[in-house]
Amino acid sequence: MNLARLLSETAARNPGKPAVVFEGTPCTYGAFDREVERYAAMLHTAGVGKGDRVAVQLPKRMEFLFLHLANLSVGAVTLPLNTDYRPEEVEYFLSDSGTSLFVTDAERFARAAGSIRGLRGVRTLLLDGGGGAGEESLFERLSDVPAGFRRSWPAGGDDPAMICYTSGTTGRSKGAVITHRNLVSNMLALHDAWEWTGNDVLLHVLPLFHVHGLNVATHGSLYAGSTIVMHGKFDPERAWDSLEANGCTLFMGVPTIYQRMMGEWEKRERKPDLRGMRIFISGSAPLSDSLFHRFERSTGFRILERYGMTETGMIASNRIDPAHRKAKSVGYPLAGVDLRVAREDGADVRPGEVGEVWIRGDNVFRGYWGMPGKTAESFVDGWFRSGDLGFLDPEDGGRLYLVGRAKELIITGGYNVYPKEIENILEAHEAVKESAVVGLPDEEFGEKVVAVIVQKEGVAPVPPETFVALCKIHLASYKCPRQVFIVRDLPRNAMGKIRKNRIVESLRDGKPL
Ligand code: MLC
């Protein structure tokens, strides 16, 4: 049960059919599979083998996909990295994971070189030519597959296939170790749930460095033998044009993407012809009922909302029958996924009551890389504690609704951000006494990151922009505060704990803290 092997088998059944059309250039299943093999041979020659971590920080392009599946073919583990990560974030991921090969482009490498060259045991390959200081070039290393080389797919089952870093409650990101079994079981469950076939054409506008764009959209489509029309970057105007021109049947996005698609739809006099379309799927962040209804009123399609997490892959989905898609509900657990709603003491809630969503099944990850303590905290008797609060509707066959979070997580445009990571950066500034980072409701991004800062007494006041600029040095843009407020005090409860709910309410309603 090696994911790359399964995909290679699909490729062998559809050699002449386009697997991916990237920015207008088709790549057939046959050509795709040959490239994966060539990349696998290159990795093998470079000494990359079972269990080795290969970090990939590349713009969205075909090479990303070839390399990822080649890693899995030689038993190595892919660490997909957000292209926006700053050098010190990258350094942490490489050193924490013990990465042996880092593949990136010259531009990113130039920024990060200072931090990365100090890491021992990390070899770097650059996509677009060697670096000034002698880094090797990926393309120069790629050659014809040497005689005698065959992919042997030495990893499978419970062996790791990917390590995906997720933001952490304590400010340190955690690497979720995802196995072949996790990937394959989840892919098969979605294949059935969404009745995916070789006739499907998926418009792909998501980043490849996350579970949504890579595992759900790309693996799923390559397994079904369907065609992916891939855009390098999401643009609402191009997305509608492409859905129509390519007769697409599937689309996947986060709510921010649907929000922007609606804006574009409403501007157009001639609406796109969506005759071929089967399903618009949304995930990674809650879809508001107003957007669900607005989309349906305009396009005639009910968005199918599903629920997942990096640690668990996809958990629940609304049904393929539009009559069984409901606003604000993420549907029913997928085949093979056990789900329960637990009280704080771990007992089941009464039917219909709110509690924490716990998950068990082949889809659930193995643990956090090198963090046995954090892993142990996340599981109870084999159940993964999602941190999401929800309830099952007993009147509607146990349909799942999510209503909030047990932990302080901000989801902005489909990216997860834990406040601690930003607070740590702010509080390292000499003028900052304390800070609180919260998520405020935002029409476009769902939530936006906002910081509230108390300055130390007796130091010259520092303007808010300085703090935004400071964050931008250390953190990817999506984590940086959109607004910074300087206040005299933070509201606290009787225990002295900062009342973040109060901060959110005050800022939202424009009241003083
Ligand atoms: C971009 N920016 C964001 C942001 N995306 N800020 C906050 N939150 C975000 N999500 C920043 C940019 O860096 C830039 O900052 C500014 O906002 C304007 O950028 P933009 O050009 O308007 O943004 P764009 O590049 O178009 O990106 C928007 C987006 C993107 C919605 C297309 O965020 C996106 O692709 N989101 C999908 C994320 C995703 O795939 N999540 C899946 C996680 S997996 P500045 O300062 O530089 O101007 C998962 C499991 C599951 O959660 O169930 O799926």
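In this predicted model, a shell of 23 residues surrounds the ligand, and those that come nearest are Ser 284, Arg 306, Thr 412, Lys 472 and Arg 482. By residue class, the shell around the ligand divides into nine nonpolar, nine polar and five charged residues.

It is worth asking which parts of the fold build this shell. Helix H10, spanning 255-267, and strand S14, spanning 304-309, each supply at least two of its residues. The largest share comes from S14, with three residues. At the level of domains, both domain 2 (234-405) and domain 3 (410-509) give residues to the shell, so the ligand lies between them.

Several side chains place polar atoms close enough to the ligand for a polar contact, taken here as a pair of N or O atoms within 3.5 Å. For Lys 472, which is also among the residues that come nearest, an N or O atom of the side chain is 2.3 Å from an oxygen atom of the ligand. Lys 233 has a polar side-chain atom 2.8 Å from a ligand oxygen atom. In the case of Ser 477, the distance from a polar side-chain atom to an oxygen atom of the ligand is 3.3 Å. As for burial, the ligand taken alone exposes 1000 Å², and the protein buries 76% of that area.

Attention can now turn to a sheet elsewhere in the description. Three strands form an open sheet in the order S25-S26-S27, and their pairing is mixed. Strand S25 (432-442) and strand S27 (483-487) are the edge strands, each pairing on one side only. From one strand to the next, the twist averages 25°.

Within this sheet, the pairing of S25 with strand S26 (residues 446-455) is antiparallel and runs over 10 bridges. A helpful landmark for viewing this pair is Ser 435, which stands opposite Ile 453 in S26.

Conventions:
Residues are numbered from 1 along each chain as its sequence is written. This is a predicted model: local features need pLDDT of at least 70, side-chain atom pairs count only at pLDDT 80 or more; totals for chains, interfaces and linings use all residues. Side-chain values use heavy atoms; hydrogens and water are left out. A residue is near a molecule or strand if one of its heavy atoms lies within 4 Å of it. A polar contact is a pair of N or O atoms within 3.5 Å; within protein, one must be able to donate a hydrogen and the other to accept it, and residues adjacent in sequence count only if both atoms are side-chain atoms. Accessible areas come from the Shrake-Rupley method with a 1.4 Å probe; for residues, only the protein chains shown count as cover. Helices (H or I, at least four residues) and strands (E, at least two) are DSSP runs, numbered from the N terminus. Ala, Val, Leu, Ile, Met, Phe, Trp, Tyr, Cys and Pro count as nonpolar, Asp, Glu, Lys and Arg as charged, and the others, Gly among them, as polar. Domain bounds come from an automatic or database domain assignment. Two strands pair if DSSP finds at least two bridges between them. Axes are lines fitted to C-alpha atoms, for helices over the stretch in contact, and angles run from 0 to 180 degrees between N-to-C directions.
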